[in-house]
Amino acid sequence: MANSPTPPAAMIPTAVLALGLAILICAGRPTAAQNCGCQPGFCCSKFGYCGKTSDYCGEGCKSGPCWGSGSGGGRGGASVASVVTESFNGIKSQAGSWCEGIGFYTRSVFLEAVAAYPGFAHGGSEVEIKREIAAFFAHVTHETGNLCYINEVDVAKYCDWKSEKQWPCYPGQGYYGRGPLQLSWNYNYGPAGRSLGFDGLRDPDRLAQDPVLSFKSALWYWMENVHQLMPHGFGATIRAINGDECHDGKNTAEMEDRVRLYLEYCHYFGIDPGSDLTC
């Protein structure tokens, strides 16, 4: 991942991206019933209950970050949920039934996580919204090998001693890539955990166990480091995710794979990918 002196081992997709098959549709988990008048960040369902899953933020949602309007909506009327639809259904893993990501990375989990980040793919034109979603999933696809991997294959401690004083590495813990964007290094696990409400330094494995938290970690990193770079083109997002692919021609195959995936998503969404695609 980005901001690291040594990039984590990337899982390069070996098969053609298949849009429309692999993220299984999951039912949202119900929460305790209550009337409307929800806390900030919660949706009021069509039946008058508060929550954050599809049962509340989906069809008939009355208020809050409703997926059909508030979560990712913009001047063009697009929303994250209207782009990442059930017919879209994510990315098909071509690696077989053994993939650890099967059943972990799902559309409903992603939408539940993105409800906590209403600024994601929000506020621009329909094309701008779709470009950000395309960019996000291009990197996710590349990092996880078509949503196959939860954990990085070549694990390592990934402890940066320069930041160890602020974000201390704990014995027996490795800060290798986990989750949709393969969050890596202690200086990312520490602040991500503080923001998301878990101990990222003592318990980094939470990101490989809790799918909603895992997607939130990817969205946390995106909103902290990548979201603001979207106007500068897809190449700028590559630099933010893994800048080593941009230096002196190193790992250009990795960079080119990310660009290829981004172009495939843009083609699927029927949008122009924009300029400055490489870094």
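Is helix α4 largely enclosed by the rest of the structure or not, and how many of its 19 residues are buried? In this predicted model, 15 of the 19 residues of α4 are buried, so the helix is largely enclosed by the rest of the structure. The legends below begin with the whole chain and then turn to single sites.

**Figure 1. Overview of the protein chain, with 8 helices and 2 strands.** Read from the N terminus, the elements follow the order β-β-α-α-α-α-α-α-α-α. The chain has 279 residues, of which buried residues make up 53%. Among contacts with a separation of 6 or more, 68% are accounted for by residues 24 or more positions apart. The model contains 18 aromatic pairs and 8 salt bridges, and several of these are shown in the views that follow.

**Figure 2. Helix α4, residues 126-144.** The end C-alpha atoms of α4 are 27 Å apart, which agrees with the 27 Å that 19 residues should span at 1.5 Å a residue. After the helix comes G145, with a positive phi near 65°. Three residues of α4 receive views of their own: R131, E132 and F136.

**Figure 3. Helix α6, residues 211-225.** This helix has 15 residues and reaches 21 Å from its first C-alpha to its last, close to the 21 Å expected at 1.5 Å a residue. Its buried residues are V212, L213, S214, F215, S217, A218, L219, W220, Y221 and W222. They pack against four other helices, namely α3 (107-114), α4, α5 (186-196) and α7 (234-242).

**Figure 4. The aromatic pair of F136 and W222.** The two rings are arranged edge-to-face, with 5.4 Å from centre to centre and 85° between their planes. F136 belongs to helix α4 and W222 to helix α6, so that the pair links distant parts of the chain, 86 residues apart. Both F136 and W222 are buried. Both also belong to one aromatic cluster, which is formed by F104, Y105, F110, F120, F136, F137, F215, W222, Y265, Y268 and F269.

**Figure 5. E132, a buried residue of helix α4 without a salt bridge.** Which side chain of opposite charge is nearest to E132, and how far away is it? It is R131, 11 Å away. A salt bridge requires a side-chain nitrogen within 4 Å of a carboxyl oxygen. Apart from neighbours within four places in sequence, E132 is in contact with F120, A121, W222, H227 and M230. Two of these residues, F120 and W222, are members of the aromatic cluster shown in the preceding view.

**Figure 6. The salt bridge between R131 and D272.** Side chains of opposite charge can pair when their charged atoms come close. For R131 and D272, the closest N and O atoms are 3.5 Å apart. The pair links distant parts of the chain, since R131 lies in helix α4 and D272 in the segment after α8 (252-269), 141 residues apart. R131 is partly exposed, with a relative accessible area of 23%.

**Figure 7. R178 with its two partners, D205 and Y176.** The side chains of R178 and D205 meet in a salt bridge with an N to O distance of 3.0 Å. R178 lies in the loop between α4 and α5 and D205 in the loop between α5 and α6, so the pair ties together parts that are 27 residues apart in sequence. R178 is buried, with a relative accessible area of 1%, whereas D205 counts as partly exposed at 30% relative accessibility. R178 also lies over the face of Y176, at 3.8 Å from the ring centre.

**Figure 8. The salt-bridge network of E143, E245 and R258.** Within this network, E245 forms a salt bridge with R258, and their closest N and O atoms are 2.9 Å apart. E245 is in the loop between α7 and α8 and R258 in helix α8, 13 residues apart. Are these two residues buried or exposed? E245 is buried, with a relative accessible area of 2%, and R258 is buried as well, with a relative accessible area of 0%. The network is completed by E143, which is linked with E245 and R258.

Note on methods. Residues are numbered from 1 along each chain as its sequence is written. This is a predicted model: local features need pLDDT of at least 70, side-chain atom pairs count only at pLDDT 80 or more; totals for chains, interfaces and linings use all residues. Side-chain values use heavy atoms; hydrogens and water are left out. Rings of Phe, Tyr and Trp (its six-membered ring) pair if their centres lie within 6.5 Å; planes under 30 degrees apart count as stacked, over 60 as edge-to-face and the rest as tilted. Buried means under 20% relative accessible area, exposed over 50%, partly exposed in between (1.4 Å probe, protein chains only). A charge sits over a ring if NZ of Lys or CZ of Arg is within 6 Å of the ring centre and within 35 degrees of the ring normal. Lys and Arg count as positive and Asp and Glu as negative; His and the chain ends are not counted. Contact means heavy atoms within 4.5 Å. The expected span of a helix is 1.5 Å times one less than its number of residues.
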